[in-house]
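Here are some exercises to work through with the model open beside you. Try each task before you read its solution.

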Amino acid sequence: MSTTILQIDNVSRVFPGVRGGVPVRALEPTNLQVEQNDFITILGPSGCGKSTLLRIVAGLDRPTDGRVLLNGREIKGPGADRGMVFQSYTLFPWLTIAENIAYGLREKGVPKAQRQEIVASYTEKVGLRGFENHYPKQLSGGMQQRTAIARALANDPEILLLDEPFGALDNQTRGLMQELLLGIWERERKTVLFVTHDIEEAIFLASRVIVMSARPGRIKADIPVELPHPRHYTMKTTPEFSSLKAQLTEEIRVEAIQAEGVH
Amino acid sequence: MPRPLEPVSQGTRVTLGISFFVLFVAAWAFATLGGFVSRTFLADPITMLQDGWLLLTRFGFLGDIGITVWRVVGGFILAAIIAVPLGIMMGAYKSFEAFVEPFVSFARYLPASAFVPLLILWAGIGEMQKLLVIFIGSVFQIILMVAVAVGNTRRDLVEAAYTLGSSDKGVVRRVLIPANAPEIAEILRLVLGWAWTYVIVAELIGSSSGIGHMIIDSQALLATGQMIFGIIIIGIIGLISDFLFKAVNRKLFPWRLA
């Protein structure tokens with residue numbers, strides 16, 4: 001029996017026109033239910049409103065209409081109950097890796113001893129032991145994003161939101177990061193909402209893939225991924241994986257063509 | 001030929017930097033000692049040094065230097081204490097910015113030197129007047145520059161802080177201020193340099209001590225050696241304070257260079 005943790009009710013977003021221009025409808029009224037322990041990837045071509053949807057869930061953007069409920073409570077703004085990892089590197093450059101991970105805990109007023117314990121445990125989980133006292137600038141992009149994941153998780157959020165977190169990384173690093181994130185999810189059973197435009201990434205990570213259409217954004221398909229856990233990177237070459245990939249590629253292709261205006 | 005933007009080694013950099021000073025003094029010595037410029041208008045380097053020595057040993061010039069430094073630092077610290085928090089407020093809160101920005105922008109263009117006669121009327125010719133000249137010259141500049149720096153804080157860092165549970169106040173205290181601290185220090189370094197020009201102006205009129213006063217006194221005696229010595233001392237103090245500021249910034253903000 002699964003319980004709904006996040007409910008997106010008829011959420012739409014219209015951006016006002018710039019300098020008297022026509023308003024842009026970024027997101028059609030959208031409904032989505034996220035169950036506890038779901039790993040949902042939201043897949044779509046660029047400009048399909050998938051990031052807008054995630055930002056609305058994070059409370060960083062407001063829906064024009066509709067509402068988002070987290071555990072039955074309506075979301076009014078950003079908060080520590082929803083951890084977020086951004087595509088850009090958003091570690092605080094003036095804080096060390098350990099201080100970055102401890103940021104949310106400090107804001108919450110967690111005592112120092114307990115803070116150190118939690119930080120140590122997450123530093124370990126994302127494989128950054130020995131880098132606690134480094135500054136973000138001294139770390140590679142992959143390490144910075146691992147820190148960002150640890151920073152979000154250290155807060156023990158109800159749901160983890162990731163906005164193309166591995167988009168700026170090279171292919172090999174991205175593969176390793178996917179495995180790391182999936183490993184954490186398998187062990188800790190977090191609820192995750194993950195936005196991406198990478199089809200392989202979307203399938204490999206997800207228990208459900210949500211496909212979004214080109215602008216205005218709208219949920220086009222909701223596809224469960226029944227691949228067994230724990231998943232290993234070799235799974236990306238199995239026939240089941242390939243057939244899912246073929247199916248999603250077709251779905252996305254249509255949208256990409258539409259988005260680009262090529263017929 | 002050197003390539004554009006190609007870096008040079010530290011040793012070359014120092015050698016080149018010093019050689020300009022050497023070249024400058026050599027040209028000066030050639031012009032004056034060679035008899036190309038009348039001594040009435042420009043003293044030669046050797047006379048300048050002798051005059052300087054005399055000033056320091058006989059006429060208590062060290063005291064003048066001390067009082068000038070005190071005025072600059074005093075007025076500047078006063079301005080910084082008031083301007084930095086105001087600038088941060090302005091950068092952080094847009095309604096506050098809309099309220100004070102037009103006035104501050106206007107006030108910034110009021111020349112501090114033009115206030116000297118007025119300030120003498122208000123505050124006399126004591127120390128208060130000197131401090132106020134420097135204060136007026138620095139305070140509006142610092143406010144505006146700090147506000148711009150804070151206003152340009154990376155939005156994604158602010159958003160990240162909110163998703164980690166920061167309150168509005170928390171964002172100001174734990175993101176906007178630390179993120180811009182190095183830039184604010186850099187702004188203070190810059191404005192301190194400008195404060196030096198104001199102090200001399202303040203000392204040229206209605207003053208009985210300080211480097212500026214000595215320069216005016218020397219003019220009456222046509223002692224160009226002393227005047228040049230005074231000007232060079234100001235340059236050297238500026239160089240030292242700049243160097244100290246940079247060293248302190250490096251120490252305070254290691255993450256910038258990491």
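**Exercise 1. An enclosed strand**

How many of the five residues of strand β9 (residues 208-212) of chain A are buried?

Solution. Keep in mind that this is a predicted model.

- Step 1. Apply the burial cut-off: a residue is buried if 20 or more other C-beta atoms lie within 10 Å of its own.
- Step 2. Four of the five residues of β9(A) are buried, so the strand is largely enclosed by the rest of the structure.
- Step 3. Now look at the partners of β9(A). Strand β3(A) pairs with β9(A) in the parallel sense over four bridges, and Ile42(A) stands opposite Ile210(A).
- Step 4. Strand β10 (residues 219-224) of chain A pairs with β9(A) in the antiparallel sense over five bridges. Here Met212(A) faces Ile219(A) as its opposite residue.
- Step 5. The link from β9(A) to β10(A) is a hairpin through six residues.

**Exercise 2. A strand with two parallel partners**

Find the strands that pair with β8 (residues 191-196) of chain A, and name the residues opposite Phe194(A).

Solution.

- Step 1. Begin with burial: five of the six residues of β8(A) are buried, so this strand is largely enclosed by the rest of the structure.
- Step 2. One partner is strand β3 (residues 39-43) of chain A, which pairs with β8(A) in the parallel sense over five bridges. Within this pairing, Phe194(A) is the bridge partner of Thr41(A).
- Step 3. Another partner is strand β7 (residues 159-163) of chain A, again parallel and over five bridges. In this case Leu162(A) stands opposite Phe194(A).
- Step 4. Trace the connection: β7(A), α5(A) and β8(A) make a β-α-β unit, and the unit is right-handed.

**Exercise 3. The antiparallel sheet**

In what order do the four strands of the open antiparallel sheet of chain A lie, and which of them stand at the edges?

Solution.

- Step 1. The order is β2-β1-β4-β5 (chain A), with antiparallel pairing.
- Step 2. The edges are β2 (24-35) and β5 (73-74) of chain A; each has a single partner strand, so one side of each is left without a neighbour in the sheet.
- Step 3. Inside the sheet, strand β1 (residues 4-15) of chain A and strand β4 (residues 65-70) of chain A pair over five bridges in the antiparallel sense.
- Step 4. For a pair to locate on screen, take Asp9(A), which stands opposite Arg67(A) in β4(A).

**Exercise 4. Two domains in contact**

Describe how domain 1 and domain 2 of chain A meet.

Solution.

- Step 1. Set the bounds: domain 1 covers 1-11 + 32-81 + 158-263, and domain 2 covers 90-156.
- Step 2. The C-alpha centres of these two domains of chain A lie 25 Å apart.
- Step 3. Their contact takes 11 residues from domain 1 and 12 residues from domain 2.
- Step 4. On the domain 1 side, helix α5 (residues 171-188) of chain A gives the largest share, five residues.
- Step 5. By class, that side of domain 1 has 10 nonpolar residues, one polar and no charged.

**Exercise 5. A helix at the chain interface**

Which element of chain A supplies the largest share of the side that touches chain B?

Solution.

- Step 1. The contact between the chains takes 23 residues from chain A and 14 residues from chain B.
- Step 2. Elements that each supply at least two residues of the chain A side are β6 (82-85) and α2 (97-108).
- Step 3. The largest share, four residues, comes from α2(A).
- Step 4. The chain A side divides into 11 nonpolar, seven polar and five charged residues.
- Step 5. Helix α2(A) also has buried residues, among them Ile97(A), Ile101(A) and Leu105(A). The buried residues of α2(A) pack against α3 (112-125) and α4 (141-154) of chain A.
- Step 6. Just after α2(A) comes Gly109(A), with a positive phi of about 85°.

**Exercise 6. The helical partner**

How many helices and strands does chain B have?

Solution.

- Step 1. Chain B has 11 helices and zero strands.
- Step 2. Of its 258 residues, 35% count as buried.
- Step 3. An unreviewed UniProt entry places the feature "transmembrane region" at several spans of chain B, including 76-94 and 195-216.
- Step 4. Residues 76-94 of chain B are 95% helix, with end C-alpha atoms 27 Å apart. Residues 195-216 of chain B are 73% helix, with end C-alpha atoms 19 Å apart.

Key: Residues numbered from 1 in each chain as written. Chains lettered and ligands numbered in written order. Predicted model: local features only at pLDDT ≥ 70, side-chain atom pairs only at ≥ 80, totals over all residues. Domains from an automatic or database assignment. Contact = placed C-beta atoms within 7 Å. Nonpolar A, V, L, I, M, F, W, Y, C, P; charged D, E, K, R; others polar. UniProt positions renumbered as here; feature names shortened; annotations may be inferred. Buried ≥ 20, exposed ≤ 12 C-beta atoms within 10 Å, placed from the backbone. Pairing = 2+ DSSP bridges. Right-handed = clockwise from strand over helix to strand, strands pointing away.
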